Amino acid sequence: MKALSASQVSRWLEENPAPIHRDQLKPWSKRVTRELGRATLPKLVRLLSDGDPELQYQAMAAARALGAEVWAETVDPELCWSVRLPGEISPRLIPSRKQVTF
Amino acid sequence: MSQLPSAEPGNIQVVLNLGGESEVADAIDINSLVFPLREPGRWIRPGRFIQADMSALPIRAGVALEVMGRRLPMMSAQDRVAMVGESRRVLTTGGRIRLHATSGGGSLWLSFIEDAGFLGCSLISGYAVGTRP
């Protein structure tokens with residue numbers, strides 16, 4: 001599978017947002033595996049840091065579908081992500097540079 | 001902003017937080033747990049959490065004083081209509097809806113709550129807000 005560019009990954013996530021219904025979870029996850037693949041995990045991690053808040057959420061969902069453990073550690077406006085990619089032993093903390101504001 | 005109706009003495013004031021993860025102190029969190037932000041074991045509060053789809057609320061009609069949603073994710077227009085319709089169903093007369101989307105704040109939700117017949121719809125502090133007639 002040819003690795004997608006960062007902008008292609010962002011566009012894919014915008015056009016194929018994570019489902020909100022449980023029965024759509026498995027087919028969406030299969031598409032993530034087939035169309036994005038694990039090669040995109042570093043780009044998804046980058047989006048957790050630099051993407052706008054919605055893109056961060058979509059990157060979190062896609063990374064989970066690819067086998068990563070991704071959790072928000074805190075809440076906005078000081079949200080940061082705990083990320084452990086497949087094969088990594090310990091999670092690392094990634095601060096979100098773009099926070100939701102109310 | 002319109003005042004919420006006060007609950008009768010002895011009644012519980014029900015506030016539902018769609019997609020909530022215990023960030024609103026006295027609300028009941030409605031969360032499908034499809035893609036929660038935080039590990040559920042860290043925020044689920046017994047008695048204040050219902051695992052459910054936000055477009056099909058397992059709540060009887062007319063009991064909630066407020067339905068809110070903050071950081072709501074992208075979803076189809078059909079799901080937005082269903083979610084707002086369910087919110088209207090479970091709200092009591094005079095109850096308030098207050099919605100915010102991660103991708104576009106309240107403005108993304110405003111037309112949906114207007115179309116569902118909520119009154120006094122406006123943007124307040126980033127939320128689309130309206131009152132159930």
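Where in chain B is Leu33(B) found? The answer is the loop between strand 2 (28-31) and helix 1 (40-43) of chain B. Keep in mind as we go that this is a predicted model. Leu33(B) makes a good first stop, since its phi is positive, about 60°, although the residue is not a glycine. Most residues other than glycine have a negative phi. Leu33(B) counts as exposed because its C-beta has 12 neighbours inside 10 Å, and a residue with 12 or fewer is placed in that class.

From that loop, let us move to the sheet of chain B. Seven strands form an open sheet in the order 3-2-1-4-5-7-6, with mixed pairing. Strand 3 (49-51) and strand 6 of chain B are the edge strands, each pairing on one side only. On average, neighbouring strands of this sheet are turned by 15° against each other, direction ignored.

Strand 1 and strand 4 of chain B are a good pair to begin with: they run parallel and are joined by four bridges. Within this pairing, Asn17(B) stands opposite Met68(B) in strand 4 of chain B. Met68(B) counts as buried because 22 C-beta neighbours lie inside 10 Å, and 20 are enough for that class. Leaving aside neighbours within four places in sequence, Met68(B) is in contact with Val15(B), Asn17(B), Leu18(B), Val24(B), Ala27(B) and Arg98(B). His100(B) is 32 residues from Met68(B) in sequence, while the two C-alpha atoms are 8.1 Å apart in space.

Strand 4 (residues 64-72) of chain B also holds Arg71(B), another residue that is not a glycine yet has a positive phi, here about 65°. Is Arg71(B) buried or exposed? With 22 C-beta neighbours inside 10 Å, Arg71(B) counts as buried.

Now look at what packs on the sheet. Helix 2 of chain B touches strand 1, strand 4 and strand 5 of chain B, and its direction makes about 150° with that of strand 5. For the 14 residues of helix 2 (residues 77-90), a rise of 1.5 Å a residue gives an expected span of 20 Å, and the end C-alpha atoms are 20 Å apart, so the two values agree. The buried residues of this helix are Arg80(B), Met83(B), Val84(B), Glu86(B), Ser87(B), Arg88(B) and Val90(B). They pack against strand 1 (14-18), strand 4, strand 5 (91-101) and helix 3 (107-115) of chain B.

Next comes strand 7 (residues 127-131) of chain B, where five of five residues are buried. In a regular strand the side chains alternate between the two faces of the sheet. In strand 7 of chain B, Tyr127(B), Val129(B) and Thr131(B) point one way, Ala128(B) and Gly130(B) point the other way, and all are buried. Strand 7 runs antiparallel to strand 5 of chain B, with four bridges between them, and Leu99(B) stands opposite Ala128(B). Strand 6 (residues 119-124) of chain B is likewise antiparallel to strand 7 and joined to it by four bridges; here the bridge partner of Ala128(B) is Leu123(B). Strands 6 and 7 of chain B form a hairpin with two residues between them, and Ser125(B) in the turn has a positive phi of about 50°.

Ala128(B) leads us on to the nonpolar interior. Not counting residues up to four places away in sequence, Ala128(B) touches Leu99(B), Gly106(B), Trp109(B), Leu110(B), Ile113(B), Cys121(B) and Leu123(B). In soluble globular proteins, nonpolar side chains tend to be buried together. The largest nonpolar core here has 31 residues, and Leu16(B), Leu18(B), Ala64(B), Val67(B), Ile113(B) and Ala128(B) have the most contacts inside it. Strand 1, strand 4, helix 2, strand 5, helix 3 and strand 7 of chain B each give two or more residues to this core. Strand 4 of chain B gives the most, with five residues. Apart from this core lies another, of 26 residues, among them Leu36(A), Ala72(A), Leu79(A) and Val83(A).

That brings us to chain A. A cis peptide bond joins Asp76(A) and Pro77(A), with omega about 15°. Most peptide bonds are trans. Pro77(A) lies in the loop between strand 1 (69-72) and strand 2 (80-84) of chain A.

Finally, how many residues does each chain bring to the contact? Chain B supplies 19 residues and chain A 17 residues. The side of chain B that touches chain A has seven nonpolar, six polar and six charged residues.

Technical notes:
Residues are numbered from 1 along each chain as its sequence is written. Chains are lettered from A and ligands numbered from 1 in the order in which they are written. This is a predicted model: local features need pLDDT of at least 70, side-chain atom pairs count only at pLDDT 80 or more; totals for chains, interfaces and linings use all residues. Two residues are in contact if their C-beta atoms, placed from the backbone, lie within 7 Å. Ala, Val, Leu, Ile, Met, Phe, Trp, Tyr, Cys and Pro count as nonpolar, Asp, Glu, Lys and Arg as charged, and the others, Gly among them, as polar. The expected span of a helix is 1.5 Å times one less than its number of residues. Two strands pair if DSSP finds at least two bridges between them. A nonpolar core is a set of buried Ala, Val, Leu, Ile, Met, Phe, Trp, Tyr and Cys residues joined through C-beta atoms within 7 Å. Axes are lines fitted to C-alpha atoms, for helices over the stretch in contact, and angles run from 0 to 180 degrees between N-to-C directions.
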